[in-house]
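The exercises below are to be worked with the sequence and the predicted model at hand. Each consists of a task, followed by a solution in steps.

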Amino acid sequence: MTLITEPPAKPFAGVSTLELEITGKCQLTCTHCLSASGPRASHGAMSPEDWRTVIRDAASLGIPRIQLIGGEPTVHPHWREFAELALSLGLSVQVYSNLFNVRDEWWDLFTRARVTIGTSYYSDDAAEHDQITNRPGSYARTRANILEAVARGVPVRAGIVHVLDGQHLAEAHAELLAMGVTDIQTDRVRAIGRGALPGQSPSLDEMCGNCTRGRAAVLPNGELAGCVLARDFPCGNVREQRLAELLGGPDWAALAASVPAPRAACSPNDTNDCNPAKTPACLPKYPKSGA
């Protein structure tokens, strides 16, 4: 077993962000959801102590940032504890939330140093946004909480996914800018989870090319993946082996070698294919912000 007693000078295996998908539960059932999350999903097989071990291991491996994601991470009863533990170990934390429900007491955590919020935003039209989320009122609640976060000085990153024909992508981008959000990414639907067509098989060609390159993910069942989008290509399980063993192991190396090179024309990230032939992210009418 590989034991790390002090954080290395550089992140282990080059992983700068570890995505922790702490639950499959969500108040929404978005038509394109990569994990097919929803109200009837579970928190998965990972226990709170399993997640705490992963967070401690991430810190010991020099991984500087975790992202709490789901599902909706804030429905997990221990999400704030996980965030606090990460912060106490010197890590940065991003909470990727639908911002459908934000309790007053959560703002104390969101406004802490090294904490950011990520969210999804689909349209400036309430009906169109709610059609994608399958939850009436989701547009109004997400928008109100984005405004509250910006007013409180919380850094917000927003992702716009092209789901519907004729969707108000440019208008959503403009509305986010008007609300004070400058870190905005645009992506197409990936053929993963509910975004896949009937009979469509998982393929690494659906990835943006950045899985394993600077990021890794732990899924609710404990499986390690190149990112949450690469969930169909696991490299072991953190409930059976420690994170250092998995990231330093042959299965991770084989996955990294098989992921196609990034196809981006501009700075890519986990939610931005940035291919002008496939997504509006790099086109002039959808200027890329927050690169």
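**Exercise 1. Cysteine sulfurs**

Task: Determine how far the sulfur of Cys211 is from the closest cysteine sulfur, and decide how many disulfides the model contains.

Solution.
Step 1. The closest cysteine sulfur to that of Cys211 belongs to Cys227, at 3.1 Å.
Step 2. A disulfide is a covalent bond between the sulfur atoms of two cysteines. The cut-off applied here is 2.5 Å between the two sulfur atoms. Cys211 and Cys227 are therefore too far apart for a bond.
Step 3. Seen from the other partner, Cys227 is likewise in no disulfide, with the sulfur of Cys211 as its nearest cysteine sulfur.
Step 4. The count for the model is zero disulfides.
Step 5. Both residues can also be classified by accessibility: Cys211 is buried at 1% relative accessibility, and Cys227 is buried at 3%.

**Exercise 2. The order and pairing of the sheet**

Task: State the order of the strands in the open sheet, and establish which strands lie at its edges.

Solution.
Step 1. The sheet has eight strands, arranged as E6-E5-E4-E3-E2-E1-E7-E8.
Step 2. E6 and E8 (224-225) are the edge strands, since each pairs on one side only.
Step 3. Strands of a sheet pair through backbone hydrogen bonds, either parallel or antiparallel. In this sheet the pairing is mixed.
Step 4. Parallel pairing is found between E2 and E3 (residues 92-96), which share four bridges; here Arg65 has Ser92 in E3 as its bridge partner. E1 and E7 also run parallel and are joined by four bridges, with Leu18 partnered by Ala216 in E7.
Step 5. Antiparallel pairing is found between E7 and E8, with two bridges. One bridge partner relation links Val218 to Leu224 in E8.
Step 6. E7 and E8 form a hairpin with five residues between them, and Gly222 in the turn has a positive phi of about 95°.

**Exercise 3. Side chains of E7 and a contact from E1**

Task: Identify which residues of strand E7 point one way and which the other way, and decide whether they are buried or exposed. Then find the side chain that Glu21 contacts.

Solution.
Step 1. In a regular strand the side chains alternate between the two faces of the sheet.
Step 2. In E7 (residues 215-218), Arg215 and Ala217 point one way, while Ala216 and Val218 point the other way. All of these residues are buried.
Step 3. Glu21 belongs to strand E1. Its relative accessible area is 1%, so Glu21 counts as buried.
Step 4. The side chain of Glu21 makes a polar contact of 2.7 Å with that of Arg231.

**Exercise 4. Backbone exceptions**

Task: Locate Ala13, Arg114 and the peptide bond from Gly70 to Gly71, and describe the backbone there.

Solution.
Step 1. Most residues other than glycine have a negative phi, and most peptide bonds are trans.
Step 2. Ala13 has a positive phi of about 60°. Ala13 lies in the segment before strand E1 (17-21) and is partly exposed, with a relative accessible area of 37%.
Step 3. Arg114 has a positive phi of about 75°. Arg114 is in the loop between helix H3 (107-110) and strand E4 (115-120), and is partly exposed at 40%.
Step 4. The peptide bond from Gly70 to Gly71 is cis, with omega near 20°. Gly71 is in the loop between strand E2 (65-69) and helix H2 (79-88).

**Exercise 5. Cavities and a pocket**

Task: Determine how many cavities of 30 Å³ or more are present, and describe the lining of the largest cavity and of the second largest pocket.

Solution.
Step 1. There are two cavities of 30 Å³ or more, and the largest has a volume of about 670 Å³.
Step 2. The largest cavity is lined by 37 residues, of which His32, Leu34, Tyr96, Ser120 and Tyr122 are the closest to its centre.
Step 3. E2, E4, helix H4 (126-133), strand E5 (156-162) and strand E6 (183-188) each supply at least two residues of this lining.
Step 4. The lining of the largest cavity comprises 15 nonpolar, 16 polar and six charged residues.
Step 5. The second largest pocket has a volume of about 160 Å³. Its lining includes Gln27, His76, Trp79, Arg80 and Trp106, and divides into four nonpolar, four polar and two charged residues.

Key: Residues are numbered from 1 along each chain as its sequence is written. This is a predicted model: local features need pLDDT of at least 70, side-chain atom pairs count only at pLDDT 80 or more; totals for chains, interfaces and linings use all residues. Side-chain values use heavy atoms; hydrogens and water are left out. On a 1 Å grid over the protein atoms alone, a cavity is a set of points where a 1.4 Å probe fits but cannot get out, and a pocket is an open set with protein on both sides within 12 Å along at least five of seven lines; lining residues have an atom within 4 Å of a point. Grid points are joined across faces, edges and corners, and a volume is the space filled by probe spheres set on the points. Ala, Val, Leu, Ile, Met, Phe, Trp, Tyr, Cys and Pro count as nonpolar, Asp, Glu, Lys and Arg as charged, and the others, Gly among them, as polar. Buried means under 20% relative accessible area, exposed over 50%, partly exposed in between (1.4 Å probe, protein chains only). Two strands pair if DSSP finds at least two bridges between them. A polar contact is a pair of N or O atoms within 3.5 Å; within protein, one must be able to donate a hydrogen and the other to accept it, and residues adjacent in sequence count only if both atoms are side-chain atoms.
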